[in-house]
Amino acid sequence: MKKLLKLLFIGIIASSLIACTNKTQTESTVSASPTPETTSTPEVTSETSSAKYVAGTYTKSAQGKNGEITLEVVLSESEIVSINVVSESETPELGGVALSTMLPAIIEAQSTDVDSVTGATITSTAIIEIVNSILSEASK
């Protein structure tokens, strides 16, 4: 019985090593083959402009932990320019931290795909909800 278990164990280890070895060889073969680079310069016309948004100042609200949060988002045709808090009644140690950290992060990322603040999930969700709603409304 012990010999059978040893053989089974050796077989499992050998098959896992073989599987890892084949994968590594395949990856190096794939990465070793050069891929041709193609570049194209798109023709700039009014239809292919980089405008993503209708520029303007947008104000929306959503329910936070302790009340309504209202944000003002300023958009250019291509980016989020600024996000300002119009009103909020969140706890400074939790919701206030979410507001002070997430708003600059959204501007820097130009997206709401940023980290939420631990302990301020409701506030974080409200911020993302407001900005997503504005970006959706302003999208061309």
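Let's start with helix α2, residues 95–109: because each residue adds 1.5 Å, its 15 residues should span 21 Å, and the 20 Å between its end C-alpha atoms agrees with that. The expected span here is 1.5 Å times one less than the number of residues in the helix. Helices (H or I, at least four residues) and strands (E, at least two) are DSSP runs, numbered from the N terminus.

This is a predicted model, in which local features need pLDDT of at least 70 and side-chain atom pairs count only at pLDDT 80 or more, while totals for chains, interfaces and linings use all residues. Residues are numbered from 1 along each chain as its sequence is written, and side-chain values use heavy atoms, with hydrogens and water left out.

**Around helix α2**

Which residues of α2 are buried? They are Gly 95, Ala 98, Leu 99, Met 102, Leu 103 and Ile 106. Buried means under 20% relative accessible area, exposed means over 50%, and partly exposed lies in between (1.4 Å probe, protein chains only). These buried residues pack against β2 (68–75), β3 (80–87) and α3 (121–138). Just after α2 comes Gln 110, with a positive phi of about 55°.

**The whole protein**

Stepping back, the protein has 3 helices and 3 strands, and along the sequence they follow the pattern α-β-β-β-α-α. Of its 140 residues, 24% are buried. Among contacts (heavy atoms within 4.5 Å) with a separation of 6 or more, 50% are between residues 24 or more positions apart. The protein exposes about 9,700 Å², and carbon and sulfur atoms supply 58% of that. Accessible areas come from the Shrake-Rupley method with a 1.4 Å probe, and for residues only the protein chains shown count as cover.

**The strands**

Two strands pair if DSSP finds at least two bridges between them. Here are the two pairings, both listed as antiparallel.

| Strands | Bridges | Hairpin connection | Bridge position |
|---|---|---|---|
| β1 and β2 | 8 bridges | 4 residues | Gln 63 opposite Glu 68 |
| β2 and β3 | 6 bridges | 4 residues | Leu 75 with Ile 80 |

In the turn between β1 and β2, Gly 67 has a positive phi of about 150°. Further along the β2 and β3 pairing, Val 74 in β2 has Ser 82 in β3 as its bridge partner. In a regular strand the side chains alternate between the two faces of the sheet.

**A salt bridge**

How many salt bridges does the structure hold? There is 1, where a salt bridge is a side-chain nitrogen of Lys or Arg within 4 Å of a carboxyl oxygen of Asp or Glu. The side chains of Glu 137 and Lys 60 form it, at 3.0 Å from N to O. This pair links distant parts of the chain, with Glu 137 in helix α3 and Lys 60 in strand β1 (residues 56–63), 77 residues apart. Glu 137 counts as partly exposed because its relative accessibility is 48%. Lys 60 is also partly exposed, because its value is 25%.

**How confident is the model?**

The predictor's confidence in each residue is its pLDDT, from 0 to 100. The protein averages a pLDDT of 79, and 66% of the residues score at least 70. Over residues 20–48, pLDDT stays under 50, and the model has 1 contact beyond four places in sequence for them. Where pLDDT is low, the predicted coordinates should not be read in detail.
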